[in-house]
Amino acid sequence: MKLWVVLLLADCVLVGMGLTYLTGLKLRIEERVAYGAVVGFMVVTLVGFGAGWAVGALSGSVVAGAALLATAISAAGWWGGVSQIGAECRDFRRRLMRPVSHPENPAPLLLLTAPSWAITAWILNRAYLPDGSGGVLAGHLSSWTDWQAHLTYASSFAHGENFPPELPTAFGVDQLPYHFGIDFFAAMLDRAGLSAFGGLEVSSGYLAFAFVPTMYLVGMRLFSSRAVAAAAVLVFTLFGGLGWLRFFHDAADGGWGIVWDLPTDYTRHHLGNILMENAVTGNLFPQRPTLAGFSLLLVAVVLMREAHQLRSAKLFAAAGVIVGLMPLFHVYSFAVALGLGLIWAGLDRRGQWWWFALPALALSVPVARWIKPLNTDVVVEAWVGGGWMQAPSYSIDTDSLLTFWWRNAGVFLLLMLVAQVWRGTLPRVLMWASIPVWLWLIVPNFVRVDPSHPWNNTHWFVPAILLGSFLVASVLVRLASAGWFGAAGAAVLFLALTFAGALDIWKAVDPDVGVWPHPIASGDGVAAGEWARDEAPADSVFLIGFEHTHPVPALSGRQTVVGYAGWINDLGVTDWPVRHEQARTMLGGYKGAEELIDDYGVDYVVVGPIERRAGVSEEYWASRGTLAFVRGEYSIYEVD
């Protein structure tokens, strides 16, 4: 890894640690590092974004300047922190030397972190692989699908001078209606010396490394129990419904040897109406903003809890600022953090909550309005007739509300309820504070903010499941302490909660499962994308085909007339069918093509395998444009 990249990542941690000292909250060194890594990422990203916007482009010098400015912002915290960090490190060593059974020994943190880091490194190291001829293979479904959109957004900042941000996959949409914070961070890593592909891998890895320690340490602070903290991490990261039942059907058909080549996913099965995917394989890995959002949500909850306990206006304000900045990183986690904070403020009625509410609302409302999908409509649907979570028409199963959740969460929701009604399972303040979490598990069953696919509503459930995992863990730990019978019951419940998710993670780390690795861009395609990045003006408009694996926008970040329908429809670009027809008209040189070319201001046309499948007329463009690039199966014409 390049030196400048390492320095940038280290700077994120140091900036965040300095800011934790600024809050005045007494933290252990492991908390300071974990929370600081997440908060520092947020601050460095925002300062970099502001610097790039001010300059109008992102470069290595802009990234370096942003890192220095972020360091300066944290200096006030380090002024007092320098005198404390030595004692904090000695305290960690003292606790580590105590017996493993001692409640202060951080061994469970290390035992959870080590395998999580190993799995993260293994998965991300295979996200993109060279094919031996200059092309790129995708090692997983996620890097072949979702990550291509993230690659395009990141490249638009790193190489497309996308300031102020516009949607690069639909020319003329003068906003980027997406929580793009982690993709901007990937762009900063790209400009610091990585490739576009490396920027995605390292940005995901950095935040994935921080997540498990953050969740464990939040559990420790809230529950003062290593067992609850560790169990919560496992319950969430291995989360899965009853999809594991299919595994036994598959084993009966194919033998137990299928464990070495699992034939399917067990937390995602549309035919069986199982939609709540495993947190790792369905959220943290493919949906990159969750890597930032989940950790920031946990940090915000801890700050609000400590502010309430200590009656600290400074901590309320710190929580408010973090929540107020969250929309740019993960809208769904932001909504849960803000909603919980405002509900708790209303129930507590302590005037100090204004220190949270004012910055949270003042900072978040403009950003949330700026990045919201273009056609956001609130739709209220009763479950009568199935609701949005009813199985699709081609499904073999149908569901009521209860059977849907039984399939998708198993005993998870029941154990959440048990934690709240079984006296003594939760600290009293957490018992009352956790009740509003149910809002995000109930309301989205009937209300959806739906610019496209109704199943996107599942995104609202996952942050609530993250918080609910602590409640479930509390029940499991209490059961396990109730003798052999209770321990056996806890073990059975734990397996029922996690077996499907464990199977999907096992499948994700298998290097040769199914069709993976799968080609994502040939050597010719990579060369075409790099030519567009290096030679075409940053404000150029490209006419391309519509498949999600197109290498030109992914590597150059240049504006396209229209891209993959699944992405732009998700963001509320409702005229994509019209755009596709117009693009086909231009690609084929049909009647009306000239007027459309002028209307869209097309500067370059790509003629490659994707365009040939879309019906491009190579003869038309050979006569209409000037050949600017050619290699193998790819040609790029400059429009005359």
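Modeller: Let's start with a term: a residue is buried under 20% relative accessible area, exposed over 50%, and partly exposed in between (1.4 Å probe, protein chains only). This is a predicted model, where local features need pLDDT of at least 70 and side-chain atom pairs count only at pLDDT 80 or more, while totals for chains, interfaces and linings use all residues. Residues are numbered from 1 along each chain as its sequence is written, and side-chain values use heavy atoms, leaving out hydrogens and water.

Biologist: Why is Asp 603 called partly exposed?

Modeller: Its relative accessible area is 31%, and partly exposed is the class between 20% and 50%, so Asp 603 belongs there. Asp 603 sits in the loop between α26 (593–600) and β8 (604–607).

Biologist: And what makes Leu 3 count as exposed?

Modeller: Leu 3 has 58% relative accessibility; exposed means over 50%, so the label fits. Leu 3 is part of helix α1 (residues 3–23); helices are DSSP runs of H or I with at least four residues, and strands are runs of E with at least two.

Biologist: How do you know that β9 and β10 pair?

Modeller: Pairing takes at least two DSSP bridges between two strands. β9 and β10 (residues 634–639) have six bridges, in the antiparallel sense, so they qualify. In β10, Tyr 637 is the bridge partner of Leu 627.

Biologist: What makes β7 and β9 edge strands?

Modeller: The open, mixed sheet has five strands in the order β7-β6-β8-β10-β9. β7 (559–560) and β9 (625–631) each have a single partner strand, so one side of each lacks a neighbour in the sheet.
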